[in-house]
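Work through the exercises below with the model open. Each task is followed by a solution in steps.

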Amino acid sequence: MTQALALSILKTGVNVFLTGEPGAGKTHTINEYVRYLRERDIEVAITASTGIAATHLGGMTIHSWSGIGIKTNLDHYTLDKIASTEYIARRVGRARVLIIDEVSMLHQGTLEMVDAVCREVRQSAEAFGGLQVVFVGDFFQLPPIVKTAPENRNDDDQTLFTDEEKPLLFAYQSAAWSRAKPLVCYLSEQYRQDDQIFLSLLSAIRQNTFSTEHLSHLEKRKNIHSGAPVGIPKLFSHNIDVDRVNTDELSKIKNDQKVFQMSGEGNEMLIATLKKSCLSPEILALKVGASVMFTKNSPKEGFVNGTLGTVIGFAPGSNYPIVKTRSGREIIVEPMDWTVEENGKIKARISQTPLRLAWAITVHKSQGMSMDAAIMDLSQVFEFGQGYVALSRVRRLSGLYILGWNERTFQVHPDVLAKDEQFHIQSEEAEEVFGKISPSDLERMHKNFIIACGGKVKPVTRILSVEESSKKKKSDTKEETLILWNEGKTVSEIAKARKLTEATIFGHVEELVEKGKITKASLSRLLDTKLSKAVPVIQKAFKKLDTDKLTPVFENFDGKYSYDDIRIARIMLK
């Protein structure tokens, strides 16, 4: 299913399970839906199963939002106490849409407790008290953490829900999920990986068809880490390995150290939660030469969560670190905020430089990131899906440098395999049903949901189908790029003005060249002295390899030229 169709389905107000492979655009689709709701003054609760995932969306954990906190069981007295707490009753009561991200890591007992709180607060027998609930995640990724009950706990007959002393149960196995009856939207587009061999390898793990042929591709990426680019992160299964590598590497640098202290304001408990969830540490020590990773998205400044770079200095006066990214961009990194918002008001805020040392990171903390390259030690993988999460962080096979693996690395949970087939079928059925609904009827459904939520209906001049809307948007965006290009702006300037990545703008330029809207003569602005000499060499490689794909040429030069350099050479071949 396309993102456009999934978004259209979400706008009807039905309960949805939004899923898809890593890089399919789940977070992007949700962010678009949140923007749509807020533009119409519809209250949306943005939550996630973990604090790290919550910071990606700018929300809070589902445990904090619902008031269940660290509770592992819920009785009548506790449920009544939570529902009677003013601020919890207010936010649950005001919400019209509840989004739960990384639902794969949520135990079924926790989901049932959240459902009970919503029904109690909203005094409704409907699933989640009648809220539109949107589950987001991929059950092939990291599963719930199984808790064990304290030895001295005495249960009585009053316990309503518990996630203790039970076998591993996924959220989709809960009664709350069944009551919600979510419509499945299985995203099929791929925006992270652009390497077909690597994509087939990852798909084989998902489908339990991983074979010796797939393993042979990984064998080629094993024990070659000595030739890996400088500054790329190492992924480990355990925190102890991560801390050891980062501490050792920083101590090797003889330059002066500068320390950046996190600050916070607002509700103390929420501040503590934000600090625990933030990928940037509370005390960040940096030196010139330190390998770092950005921990926030900032399209305006040209970095995203997972962008890699090296500290090359500190700005005079402010002492803000200056980071040179792998693409060559130099960024003065100013502090950024992580916040918890409710009803449009900030309840808590922490501020820190959005960086962390990037010589090493755990697989768990890497979930949700996109990396150009990584060195991985998967020899101590201990969970289903952990190896899959690690491997799917990188965009292509040439960016993978693997130290080792164990048998569990390529395994996914057997229960999820069977359930995923059902999810695919359910998504296809939903696609067929919504494909038969006329654009005018679909627009009417969207309008009715807005009215039911008490939101503001925006006038529509002309109703477009999902396909027409998607085509129009793609066409308009290239024309906007063309206007800025004709004004003499560089790719970097256009990307900054349009708040898009440079790679996206390069793609626009390439298509505009093919259509004859950009002349080859004007392409000279893409070249500097160094690249002018490299272009003929790169173009020879395209001809020698008899390909128009970027990856074979990139691998031919073993990373000597960036993807952007190779793309420019290809554009000039048109």
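Which residues lie nearest the centre of the second largest cavity, and how many residues line it?

**Exercise 1. The cavity**

The task is to describe the second largest cavity of this predicted model.

Step 1. Search the whole structure. Cavities of 30 Å³ or more number 2.

Step 2. Take the second largest cavity. Its space comes to about 40 Å³.

Step 3. List the lining. There are 10 lining residues. Nearest the centre lie Phe-139, Phe-140, Gln-141, Phe-384 and His-413.

Step 4. Sort the lining by class. The count is 7 nonpolar and 3 polar residues. Charged residues are absent from this lining.

**Exercise 2. The parallel sheet**

Establish the strand order of the sheet with 6 strands, then find its edges.

Step 1. Read the order. The strands run S3-S2-S5-S6-S1-S8. The sheet is open, and its pairing is parallel.

Step 2. Pick the edge strands. These are S3 (60–61) and S8 (183–187). Each of the two pairs on one side only.

Step 3. Zoom in on one pair. Strand S1 covers residues 16–20, and strand S6 covers residues 132–136. They pair in the parallel sense, over 3 bridges.

Step 4. Locate one bridge. Val-16 has Val-134 in S6 as its bridge partner.

**Exercise 3. The antiparallel sheet**

Which order do the strands take in the sheet of 5 strands, and how are they turned against each other?

Step 1. Read the order. It is S16-S15-S14-S13-S19. This sheet is open too, with antiparallel pairing.

Step 2. Mark the edges. Strand S16 (330–332) and strand S19 (355–357) are the edge strands, each paired on one side only.

Step 3. Take the turn between neighbouring strands. It averages 40 degrees, direction ignored.

Step 4. Inspect one pair. Strand S14 (residues 308–314) and strand S15 (residues 321–325) run antiparallel and are joined by 5 bridges. One bridge sets Val-311 against its partner Val-323 in S15.

**Exercise 4. A helix pair**

Classify the packing of H5 against H7, and give the hand of the crossing.

Step 1. Place the helices. H5 spans residues 76–84, and H7 spans residues 108–122.

Step 2. Take the axes. They come within 9 Å and cross at roughly 60 degrees.

Step 3. Classify the angle. Angles under 35 degrees count as roughly parallel, and 65 to 115 as roughly perpendicular. H5 and H7 are therefore oblique to each other.

Step 4. Add the hand. The crossing of H5 past H7 is right-handed.

Key
Residues numbered from 1 in each chain as written. Predicted model: local features only at pLDDT ≥ 70, side-chain atom pairs only at ≥ 80, totals over all residues. Heavy atoms only, no water. Pairing = 2+ DSSP bridges. Helix = DSSP H or I, 4+ residues; strand = E, 2+ residues; numbered from the N terminus. 1 Å grid on protein atoms, 1.4 Å probe; cavity = no way out; pocket = protein on both sides within 12 Å on 5 of 7 lines; lining within 4 Å. Points joined across faces, edges and corners; volume = space filled by probe spheres on them. Nonpolar A, V, L, I, M, F, W, Y, C, P; charged D, E, K, R; others polar. Axes fitted to C-alpha atoms, helices over the stretch in contact; angles between N-to-C directions. Parallel < 35°, antiparallel > 145°, perpendicular 65-115°, else oblique. Left-handed = near helix turned anticlockwise from the far one by under 90°.
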